[in-house]
Amino acid sequence: MSIAARFSRLVTSPIKHHIYLSRSHDVAVNLSIEHYLFQKSHPASTILFLYVNKPCVVIGTNQNPWFEVNHALIRRNTVDSSPRHDGSLATIQNSIKVLRRRSGGGTVFHDLGNVNFSVIFQLPDRVINYKHAEMVVRAIRKTNPRARVNHRHDIVLDPGPLLKKNNWPDPENTHRTAYASGNGELEPRKISGSAGKASGQRGLHHGTCLLASPNLTSISEYLRSPAAPYLFTKATPSVPSPVANIISPDSPSPTTSILQQQIINAFIQMYNIDTTNIALPQQSTTTLTSNENCASGTLDSSLLEIPEIRSGHDELQSPEWLYEQKREFTLSSHPHKADPRLRPPLPNWFPPSARVYIVIKTGLITSSTISISSDPAIAASEAESIDAVIKNTRIIKVDSFRKLLGGNVFFEGEEQQRDIYRVGAWLDWILLGHSINL
């Protein structure tokens, strides 16, 4: 029997506890395995699933990718990806995927120095229980005692000096540490975000652990969209936080494999799991073992043989899933009644009299008002002509707004053609992540 067939049988069995580790570093594979576990596992079971992804950006299910992600930077750059086994960093260039997951929460950056955990469990009264963040803190404290859970169920490091001994909390308290925190330089550093979802009797809580990301200083750049100041959306925004690696000058330097084993041990201890005759997951080989109370295994991309995992994998990688969600948003170059916020200065090459206002829903341009003339009557005619060209256009099907707008017969003069071309170049930068090339 294949690994995929055995895995399917184990997941749907009434075995109470499951521990799985993925050897795949493909974010679409790992999120699809996670979703399969969430949908297909026995309602009374509790599952731990661990994985490490190649460099990627993952947005929440209720988020706007144009608002959250610097598409121009992602198209232009590659990143450092891999911590060496001794804790030092190897420089390997990799392209970056952008995907939308199926749970809420904010946008996160993954790389090979980042351990991802997921716990799937029986859900009482449809209330997500974030107690597993406390479990992960217990594992992280084997490496860094500064870790704790904050009020948002994220895991942070307290960066300040050691407190006086009479102010130390109980060592079992996962919400306080013996180190100072506060504002400014003492602001806690985020090492793990959390997200969750619920369906029927099942709950899922998953998160990240920044162990030794070589991209720590550039994460905020990838997650800072230059389009955001021009977008008005009701999608869930990310909450920016200062970040840090778990590994620090005053802590040991474990590999991702060691941290995974520490999380597995914390899970076993938390649920008092009998692991007799069980081979705990290891990165070195793909295996599946089980006893009456626990199933355990190391998984890989061969699970794509399972139709539901294959279809989930393909859906996650589709531009339709990423960009064509139902929430409406507007893009506007200047303040207007519904969105009076001040905008950043437009590029000096942007035509001074040009105005852009676009309504987008399900990735489709539903209406627009785009003009370049300072004369209101002419501007209205221009807007009507352009709207006729771009209305009902799917953004993922646009190769270039410069070509789309520049081909409009309404703009025949050389100066008009130049100005509408530059408006198109600005839209290419904002919506398609193209480099500015006038």
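**Exercise 1. Find which element gives the most residues to the lining of the largest cavity in this predicted model, and describe that cavity.**

*Solution.* Start with the contributors: α2 and β13 (202–210) each supply at least two lining residues. Of the elements, α2 gives the most, with three residues.

Next, look at the full lining. It is made up of Leu31, Glu34, His35, Arg101, Arg102, Ser103, Lys197, Leu204, His206 and Leu316. Sorted by class, these are three nonpolar, three polar and four charged residues.

Finish with the volume, which is about 70 Å³ for this cavity. With a cut-off of 30 Å³ or more, the count comes to two cavities, and we will visit the other one below.

**Exercise 2. Describe helix α2: its span, its burial and the cap at its N-terminal end.**

*Solution.* Begin with the span. Helix α2 covers residues 27–40, and its 14 residues reach 20 Å from first C-alpha to last, close to the 20 Å expected at 1.5 Å a residue.

Now turn to burial, where a residue counts as buried under 20% relative accessible area. Twelve of the 14 residues of α2 pass this test, so the helix is largely enclosed by the rest of the structure. The buried set includes Leu31, Glu34 and His35, and these residues also appear in the lining of the largest cavity. Other members of the buried set include Val27, Asn30, Tyr36 and Phe38.

Last, check the N-terminal end. Asp26 caps it, with a side-chain oxygen 2.9 Å from the backbone nitrogen of Ala28.

**Exercise 3. Work out what surrounds the second largest cavity, and which elements give two or more residues to its lining.**

*Solution.* First, the space: about 50 Å³ lies in this cavity. Trp66, Val69, Asn70, His71, Ala72, Ser225, Pro226, Ala227, Trp429, Ile430 and Gly433 line it. Two or more of the lining residues come from each of α4 (71–76) and α12 (414–432).

Then sort the lining by class: there are seven nonpolar and four polar residues, and no charged ones.

Now zoom in on one lining residue, His71, which sits in helix α4. His71 counts as buried because its relative accessible area is 11%. Its side chain makes a polar contact of 2.9 Å with the side chain of Tyr323. Setting aside neighbours within four places in sequence, His71 touches Pro65, Trp66, Tyr323 and Gly433.

**Exercise 4. Follow α12 to its end, then locate Ile372 and list its contacts.**

*Solution.* Take the helix to begin with. α12 has 19 residues and reaches 25 Å from its first C-alpha to its last, close to the 27 Å expected at 1.5 Å a residue. After α12 comes Gly433, with a positive phi near 75°.

Next, place Ile372: it lies in the loop between β19 (364–371) and α10 (376–390). Ile372 counts as buried, because its relative accessibility is 6%.

Now list the contacts. Beyond its neighbours within four places in sequence, Ile372 meets Ser353, Ala354, Glu382, Phe411, Gln416, Asp419, Ile420 and Val423. Of these, Asp419, Ile420 and Val423 are among the buried residues of α12. One more marker helps you find the spot: the C-alpha atoms of Ile372 and Pro352 are 8.1 Å apart, with their positions 20 residues apart along the chain.

**Exercise 5. Describe the largest pocket and name the element with the largest share of its lining.**

*Solution.* Open with the volume: the largest pocket holds about 970 Å³ of space. It is lined by 46 residues, and those closest to its centre are Thr107, Val108, Lys190, Ser238 and Val239. Elements giving two or more of the lining residues include α3 (65–68), β8 (114–122) and β12 (194–199). The largest share, four residues, comes from β13.

By class, the lining has 19 nonpolar, 21 polar and six charged residues.

**Exercise 6. Is Asn277 buried or exposed, and what is its phi?**

*Solution.* Find the residue in the loop between α7 (256–271) and β15 (288–290). Asn277 counts as exposed because its relative accessibility is 70%, where exposed means over 50%. Its phi is near 65°, a positive value in a residue other than glycine.

Definitions and conventions. Residues numbered from 1 in each chain as written. Predicted model: local features only at pLDDT ≥ 70, side-chain atom pairs only at ≥ 80, totals over all residues. Heavy atoms only, no water. Expected span 1.5 Å × (residues − 1). Buried < 20%, exposed > 50% of the residue type's maximum accessible area, 1.4 Å probe, protein only. Polar contact = N/O pair within 3.5 Å; in protein donor to acceptor, adjacent residues only side chain to side chain. 1 Å grid on protein atoms, 1.4 Å probe; cavity = no way out; pocket = protein on both sides within 12 Å on 5 of 7 lines; lining within 4 Å. Points joined across faces, edges and corners; volume = space filled by probe spheres on them. Nonpolar A, V, L, I, M, F, W, Y, C, P; charged D, E, K, R; others polar. Contact = heavy atoms within 4.5 Å.
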